[in-house]
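Visitor: I am new to this structure and would like a close look at a single part of it. Please start with the cysteines and then move on to the packing of the interior.

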Amino acid sequence: MISVCIATYNGEKYIGEQIASILKQLNANDEVIISDDGSTDATLSIIKTFQDPRIRVIPGPQKHSPTQNFENVLHHAQGDYIFLSDQDDVWKTNKVATCMKWLQKYDCVISNAEVTDEHLNILFPSLFKLLHVSKNKIYNALWKNGYTGCCMAFTRCIKDAALPFPKDIPMYDIWIGNVAAFTYSVKFIDDRLISFRRHPATNSCNGKGSKFSKWQQIRFRWNIIKNILKNKIGKNSFLWKRK
């Protein structure tokens, strides 16, 4: 069973196109869990028009925090395989099939993406090249994050290991990616499986660049390492090996 986890907030402009691109790739027993963080626009009305039993909407924490909203939706995911999704991208038709192939060998897959404007005109053909993504876990933990949430899919063991989120992490995807890298297995793939929209309302730091100072970024990386070590020592679940 696949769980697609979407965190929404005032996403009326793009959410319909995104959901449509996802549903066509799922089976009847899969699910799309949407945590809405108190949208005041037509987001929820648009979601309801799909009338698809695979879609389940849950109330979000209403903290205007993507990290808390994604933590909330992950708590409700029931699938053996978890796909993270932003509200404003578009999935390529082979996204699920490609990721599922790699998830038979690895616990977490991070795929490439094409970066587009709000009308899906390609701005940069490769998100990996744009962000200078490294596949080295030490580099990702200490220097520059290579884990983009909307490009991530992982097995349930990653979800169980990552929850609950520590309170002092910078973003949900940095935490999940490092949990996967330091406790299970990760695979970066060059397939460009989504159209990653850049537009004025983008919440993702990868969409607009980091808003944090160098000192804040250093502190955030220390928090990630500290929590990884804390969990590896303190939680037996982090020491499980994939069977």
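Visitor: Why is there no bond between the sulfur of Cys 151 and the closest cysteine sulfur?

Guide: The closest cysteine sulfur to that of Cys 151 belongs to Cys 150, and at 4.2 Å it is too far for a bond. A disulfide needs the two sulfur atoms within 2.5 Å. By that rule the count in this predicted model comes to zero disulfides. Cys 151 is nevertheless buried, at 1% relative accessibility. Cys 5 is buried as well, with a relative accessibility of 0%.

These cysteines lead to the interior in general. Of the protein's 243 residues, 55% count as buried. The secondary structure consists of 10 helices and nine strands. The largest nonpolar core has 65 residues, and those with the most contacts inside it include Val 4, Val 32, Phe 83 and Ile 176. Helix H8, residues 172-183, supplies the largest share of this core, seven residues. Beyond its neighbours within four places in sequence, Val 32 is in contact with residues that include Val 4, Ile 6, Leu 26 and Ile 55.

Aromatic rings also meet in this protein, where five aromatic pairs are counted. One of them joins Phe 70 and Tyr 172, which are stacked at 4.1 Å centre to centre, with 20° between the planes. Phe 70 belongs to helix H3 and Tyr 172 to helix H8, so this pair ties together parts 102 residues apart in sequence. Both Phe 70 and Tyr 172 are buried. Phe 83 and Trp 91 form a tilted pair, 5.9 Å centre to centre and with 40° between the planes. Phe 83 has a relative accessible area of 0% and is buried; Trp 91, at 4%, also counts as buried. Elsewhere, ring pairs link Phe 128, Tyr 147 and Phe 188 into a cluster.

Trp 91 has a further partner: the charged end of Lys 95 sits over its ring, 4.8 Å from the centre. Lys 95 is one of the buried residues of helix H4, along with Val 96, Thr 98, Cys 99 and Met 100. The cover over the buried residues of H4 includes strands E1, E4, E5, E6, E8 and E9.

The same reach along the chain appears in the overall contacts. Among contacts with a separation of 6 or more, 75% are between residues 24 or more positions apart. On the outside, the accessible surface comes to about 11500 Å², and 55% of it belongs to carbon and sulfur atoms.

Note on methods
Residues are numbered from 1 along each chain as its sequence is written. This is a predicted model: local features need pLDDT of at least 70, side-chain atom pairs count only at pLDDT 80 or more; totals for chains, interfaces and linings use all residues. Side-chain values use heavy atoms; hydrogens and water are left out. A nonpolar core is a set of buried Ala, Val, Leu, Ile, Met, Phe, Trp, Tyr and Cys residues joined through side-chain atoms within 4.5 Å. Buried means under 20% relative accessible area, exposed over 50%, partly exposed in between (1.4 Å probe, protein chains only). Helices (H or I, at least four residues) and strands (E, at least two) are DSSP runs, numbered from the N terminus. Contact means heavy atoms within 4.5 Å. Accessible areas come from the Shrake-Rupley method with a 1.4 Å probe; for residues, only the protein chains shown count as cover. Rings of Phe, Tyr and Trp (its six-membered ring) pair if their centres lie within 6.5 Å; planes under 30 degrees apart count as stacked, over 60 as edge-to-face and the rest as tilted. A charge sits over a ring if NZ of Lys or CZ of Arg is within 6 Å of the ring centre and within 35 degrees of the ring normal.
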